[in-house]
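Please follow the covalent and ionic side-chain links of this chain, taken one after another.

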Amino acid sequence: ILAALALPKYQKTVEKSRASQMLVTGSAAKEAMERYFLENNAYPTEAALLDIDTDCPKGFSCSVFGDLGKFQISKGISTGSTYTYGIIFRLNNSGTYAGQIHCYASKTSQKSIDVCNSFSNDKAKPDNESDVYEWRRIK
């Protein structure tokens with residue numbers, strides 16, 4: 001009985017830890033993309049162009065969208081896993097939401113929404129982003 005009560009809390013703590021690693025990785029990639037912009041007057045179109053180790057954390061997908069001014073890390077978006085969420089890092093030159101960080105979670109996954117809520121309860125859906133996700137502004 002004790003294990004049945006403790007296991008969900010443990011799993012949530014582990015997932016929060018993984019999501020925190022996403023913040024570290026994404027922040028480093030965002031800074032590297034800004035440095036690339038200063039040197040080339042354009043954002044990179046692929047992670048290989050960055051001046052950092054761009055290995056994405058295990059179980060996550062990392063994407064560079066230089067044309068959109070953002071770096072994105074996600075988990076389970078295409079696999080339908082228990083946790084389906086991601087974090088978008090907007091670059092300093094990316095329009096209305098420049099410099100902001102947003103966490104998004106599938107509206108059908110309360111566990112994923114809980115992960116985003118652990119960072120912020122500030123509901124804020126950026127323009128032109130999907131309505132199938134709950135959005136939280138982290139920074």
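With 80° about the S-S bond, the disulfide between Cys 56 and Cys 62 is right-handed. The model in which this link appears is predicted. The two sulfur atoms of Cys 56 and Cys 62 lie 2.0 Å apart. How accessible are the two partners? Cys 56 has a relative accessible area of 26% and is partly exposed. Cys 62 is likewise partly exposed, at 26% relative accessibility. Both values fall between the limits of 20% and 50%, and therefore neither the label buried nor the label exposed applies to these residues.

A disulfide also joins Cys 103 to Cys 116, with an S to S distance of 2.0 Å. Here the torsion about the S-S bond is -70°, and the link of Cys 103 and Cys 116 is left-handed. This pair connects distant parts of the chain: Cys 103 belongs to strand β4 (residues 101-106), whereas Cys 116 belongs to helix α2 (residues 110-119), and 13 residues separate them. Are these two cysteines buried or exposed? Cys 103 has a relative accessibility of 0% and counts as buried. Cys 116, at 1%, counts as buried too. The label follows because buried means under 20% relative accessible area.

Taken together, the structure holds 2 disulfides. When the bonded cysteines of the chain are numbered in sequence order, the pairing reads 1-2, 3-4.

The ionic contacts come next. The structure holds 2 salt bridges. In one of them, the side chains of Asp 51 and Arg 35 meet at 2.8 Å, N to O. Why does this contact tie together separate parts of the chain? Asp 51 lies in the loop between α1 (2-40) and β1 (61-65), and Arg 35 lies in helix α1, so the salt bridge links parts that are 16 residues apart in sequence. Arg 35 itself is partly exposed, its relative accessibility being 33%.

A salt bridge is also formed by Arg 136 and Glu 134. The closest N and O atoms of Arg 136 and Glu 134 are 3.2 Å apart, which means that the pair satisfies the 4 Å cut-off for such a contact. The two partners carry opposite sides of the burial limit: Arg 136 counts as buried at 4% relative accessibility, while Glu 134 is partly exposed with a relative accessible area of 21%. Because the limit for buried is under 20%, the value of 21% places Glu 134 in the partly exposed class.

Terms used
Residues numbered from 1 in each chain as written. Predicted model: local features only at pLDDT ≥ 70, side-chain atom pairs only at ≥ 80, totals over all residues. Heavy atoms only, no water. Disulfide = S-S within 2.5 Å. Buried < 20%, exposed > 50% of the residue type's maximum accessible area, 1.4 Å probe, protein only. Helix = DSSP H or I, 4+ residues; strand = E, 2+ residues; numbered from the N terminus.
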